Amino acid sequence: MNQYSNDVAQPRLEGRKIPFEFPADTDPCWIPDQPQLSAMFNGASLTMPYLEPFLIRTIREAGKKVDDNLLKNDIAGFASQEGHHFRAHRRFNDLLTQHYPELIQLEEKMQSSYARLSKKSLQTRLAYTAGFEAMTMGVTKWIIGQRTKLFAGADSNATSFILWHMVEETEHKRVAYDVYQTLYGKGSMAYLKRALGVFHGSFDVMRFSMQGYKVILKSEGLWWRAGERIRLHKWLAQFVKHVFPFLFRAALPGHDPRSERDLDWVTEWLKAYQDYPEVVVPLVDTHDPKMPVPFKRIAMETSQ
Ligand SMILES: [Fe+2]
Ligand SMILES: [Fe+2]
């Protein structure tokens with residue numbers, strides 16, 4: 001039994017196959033008057049059908065070396081959640097590539113990049129996986145914590161889909177780290193490789209996301225205009241401000257993702273989902289000034 005999976009308070013990870021739909025007429029600028037912010041999220045979405053299958057393959061391969069049944073269950077839950085994520089992103093991204101066919105070239109580049117990365121050692125890939133997951137903690141705190149500012153009046157399908165993804169990222173935040181620690185321990189070389197993985201995983205995904213939004217903003221004629229570029233940099237500064245502290249903390253010796261406190265909104269979402277009528281998509285009301293978890297409203301609607 002290793003010390004990470006022996007966490008009786010930790011509920012079993014659940015893959016939720018939520019049937020998010022993205023109508024063909026969804027505006028790729030789905031946050032009103034915020035083409036840069038929309039493009040940043042769209043750029044990140046583009047990476048997911050390449051990144052997340054890589055994470056799944058890596059964690060499953062590592063899982064073959066794990067004896068602990070609780071940790072094996074965590075790995076299965078992690079893979080299930082990531083599988084639902086990238087399939088939903090694929091559906092969303094198909095809309096994007098219809099609007100911006102130039103993105104297909106970038107997708108081919110990502111495919112090749114992850115094929116090359118898949119040839120690296122398991123330790124390097126697992127450190128990348130745990131490192132990327134550390135970044136998602138920062139992104140989650142930013143996106144969910146600031147949701148009322150970021151998504152005010154935005155397309156509810158896209159917003160709710162992204163928030164769901166972030167909720168599940170919180171839920172499985174410790175899994176890749178636990179597997180890494182179980183397989184490679186706490187020696188100084190293991191730590192060093194894990195710390196490198198924080199930056200390798202994070203910056204690799206950021207690099208592709210940036211290439212994605214650049215293609216989109218160029219296509220929209222917003223890339224070379226100074227005022228529009230300033231708007232982009234303001235959002236990027238927000239990203240750096242909220243996310244980078246998580247990267248630096250994650251790279252410290254002795255860091256454990258459990259030390260990152262979960263947001264109440266996430267806890268409430270997870271609790272409410274337990275009584276949730278599965279067939280209905282949990283759409284967040286982006287016009288509500290507080291943007292509460294969607295379940296109460298849906299429960300009222302379904303009881304009428
Ligand atoms: Fe994910
Ligand atoms: Fe994840």
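Let me start with Glu228 and Arg231, which form a salt bridge with the closest N and O atoms 3.5 Å apart. By salt bridge I mean a side-chain nitrogen of Lys or Arg within 4 Å of a carboxyl oxygen of Asp or Glu. Because Glu228 and Arg231 are 3 residues apart in helix H9, they are separated by about one helical turn. Helices here are DSSP runs of H or I with at least four residues, strands are runs of E with at least two, and both are numbered from the N terminus. Glu228 is buried, with a relative accessible area of 15%, while Arg231 is partly exposed at 31%. The cut-offs are under 20% relative accessible area for buried, over 50% for exposed, and partly exposed in between, with a 1.4 Å probe and protein chains only.

A word on the source. This is a predicted model, in which local features need pLDDT of at least 70 and side-chain atom pairs count only at pLDDT 80 or more, whereas totals for chains, interfaces and linings use all residues. Residues are numbered from 1 along each chain as its sequence is written, chains are lettered from A and ligands numbered from 1 in the order in which they are written, and side-chain values use heavy atoms, with hydrogens and water left out.

Back to the charged pairs. The count comes to 16 salt bridges. One of them joins the side chains of Asp178 and Arg258, at 2.8 Å from N to O. That pair links distant parts of the chain: Asp178 sits in helix H7, residues 175-184, and Arg258 in the loop between H9 and helix H10 (264-273), 80 residues apart. Asp178 counts as buried at 0% relative accessibility, and Arg258 counts as partly exposed at 28%. Arg258 also forms a salt bridge with Asp256, where the closest N and O atoms are 3.3 Å apart. Asp256 is buried, with a relative accessible area of 18%. Which residues does the network of salt bridges link? Asp74, Arg174, Asp178, Asp256 and Arg258.

Now the metals. The iron ion (ligand 1) is coordinated by Glu52 (OE), Glu82 (OE), His85 (ND1), His165 (NE2) and Glu169 (OE), at 1.9 to 2.2 Å. Donors are N, O and S atoms within 2.8 Å of the metal, or 3.2 Å for Na, K and Ca; water is not among the atoms, so sites may look incomplete. Along the sequence, the donor residues of ligand 1 are spaced E-x29-E-x2-H-x79-H-x3-E. Distant parts of the chain are linked here: Glu52 lies in helix H1 (residues 35-63) and Glu169 in helix H6 (residues 156-171), 117 residues apart. Both Glu52 and Glu169 are buried.

For the iron ion (ligand 2), the protein donors are Glu82 (OE), Glu133 (OE), Glu133 (OE), Glu169 (OE), Glu169 (OE) and His172 (NE2), lying 2.0 to 2.7 Å from it. The site of ligand 2 is irregular, with angles of 51 to 151 degrees among its 6 donor atoms. Irregular is what remains after the named geometries: four donors are tetrahedral if all angles lie between 85 and 135 degrees, while four are square planar and six octahedral if opposite donors are over 155 degrees apart and all others between 65 and 115. The spacing of the ligand 2 donors along the chain is E-x50-E-x35-E-x2-H. Again the chain is bridged over a distance, from Glu82 in helix H2 (residues 69-99) to Glu133 in helix H4, 51 residues apart. Glu82 and Glu133 are buried. How far apart are the iron ion (ligand 2) and the iron ion (ligand 1)? They are 3.8 Å apart, and Glu82 coordinates both.

Last, the cavities. A cavity is a set of points, on a 1 Å grid over the protein atoms alone, where a 1.4 Å probe fits but cannot get out, and lining residues have an atom within 4 Å of a point. Grid points are joined across faces, edges and corners, and a volume is the space filled by probe spheres set on the points. There are 3 cavities of 30 Å³ or more. The largest has a volume of about 130 Å³. Of its 15 lining residues, the closest to the centre are Ala130, Ala134, Ala250, His255 and Pro257. H4 gives the most to that lining, with 6 residues.

Key. On a 1 Å grid over the protein atoms alone, a cavity is a set of points where a 1.4 Å probe fits but cannot get out, and a pocket is an open set with protein on both sides within 12 Å along at least five of seven lines; lining residues have an atom within 4 Å of a point.
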